[in-house]
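Student: Please take a close look at one part of this model. I should like to know where its residues lie, how far they are covered, and what else in the chain should be considered alongside it.

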Amino acid sequence: APVVELYRATDEAIESSETLLQRHRTLAAQRSDLSARLDEEKAQAAAIAGYLEGPSDPLALAQLQDLVKGVIEAAGGELRSTQTLPAQTVDISSGTRRATLRVQMVVAIDGLAAILYKLESGQPCILVDELAVRSQRTRRRLGGSPEAAPLLNITLELSGFVRAASA
């Protein structure tokens, strides 16, 4: 009887091992599909990770200019000028460059707060590197009519990151 019990235990162990082996073979067969899917997901995540889009620095800066123009106009400001500055290589990540844009605008203080919030909290990631604020001189009207909020002359230097296209 002990020999029969030993054979039954061995048969059960073999059956369990065969089931486990079949499960591992199924997973191994799916590995290439899952690996390809993971690579696709990584590529999509990298594309939306806050980088400016464009195959070149000038096109990425054009995207940044359009974004900044829309944000300024939505906040009631007036874009006076933009100047693109040379892109700089970022030491931490190979193939990534920092694209910089200098912006001059006129806006009220409430609009400035909205602009800064929208630029720094949105996508793509935009950093405010420099900010210069000067009040705009206005002449007082005679007759004591209520004045609008004073306008500010703003100079901003904004940076975004451009990732080199993968070959």
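Tutor: Helices (H or I, at least four residues) and strands (E, at least two) are DSSP runs, numbered from the N terminus. The part chosen here is strand S4, which covers residues 151-163 and holds Leu 156. The model is predicted, with pLDDT of at least 70 needed for local features and 80 or more for side-chain atom pairs, whereas totals for chains, interfaces and linings use all residues. Residue numbers run from 1 along each chain as its sequence is written, and side-chain values use heavy atoms, without hydrogens or water.

Leu 156 is the place to begin. Its relative accessibility is 1%, so Leu 156 counts as buried (under 20% relative accessible area; exposed is over 50% and partly exposed lies in between, with a 1.4 Å probe and protein chains only). The C-alpha atom of Leu 156 is 6.5 Å from that of Ala 132, although 24 residues separate the two along the chain. A second pair of C-alpha atoms, those of Phe 161 and Val 90, is separated by 8.8 Å. In sequence, Val 90 and Phe 161 are 71 residues apart. Val 90 belongs to the loop that runs between strand S1 (78-89) and S2. Because its relative accessibility is 18%, Val 90 also counts as buried.

The rest of the chain gives these positions their setting. Three helices and four strands make up its secondary structure, and their order along the sequence is α-α-β-β-α-β-β. The chain has 167 residues, of which 23% count as buried. Thr 100, in strand S2 (residues 96-108), is one buried position, with a relative accessible area of 7%. Leu 112 in helix H3 is buried as well, at 7% relative accessibility. The C-alpha atoms of Leu 112 and Ile 72 are separated by 8.3 Å, while these positions lie 40 residues apart in the numbering of the chain.

Beyond helix H3 (109-121), the loop that leads to strand S3 (126-135) contains Pro 124. The peptide bond that joins Gln 123 to Pro 124 is cis, with omega at about -5°. As a general rule, most peptide bonds are trans.

Charged side chains add another layer to the picture. Over the whole structure, a search finds five salt bridges (each a side-chain nitrogen of Lys or Arg within 4 Å of a carboxyl oxygen of Asp or Glu). One of them is formed by the side chains of Asp 57 and Arg 97, at 2.8 Å from N to O. Asp 57 lies in helix H2 (residues 57-74) and Arg 97 in strand S2, so this salt bridge ties together parts that are 40 residues apart in sequence. Asp 57 itself is buried, because its relative accessibility is 18%.

Another salt bridge brings together the side chains of Arg 8 and Glu 5, with an N to O distance of 3.2 Å. These two residues are three apart in helix H1, so about one helical turn separates Arg 8 from Glu 5. Glu 5 counts as partly exposed, at 47% relative accessibility. Helix H1 spans residues 2-47 and also includes Glu 15. Unlike a buried residue, Glu 15 is exposed, its relative accessible area being 54%.

The side chains of Glu 78 and Arg 80 likewise meet in a salt bridge, with 3.2 Å from N to O. Glu 78 is partly exposed, with 42% of relative accessible area. Arg 80 is partly exposed too, at 47% relative accessibility.

To return to the chosen part: strand S4 contains Leu 156, which is buried at 1% relative accessibility. Ala 132 is the residue to inspect beside Leu 156, with 6.5 Å between their C-alpha atoms.
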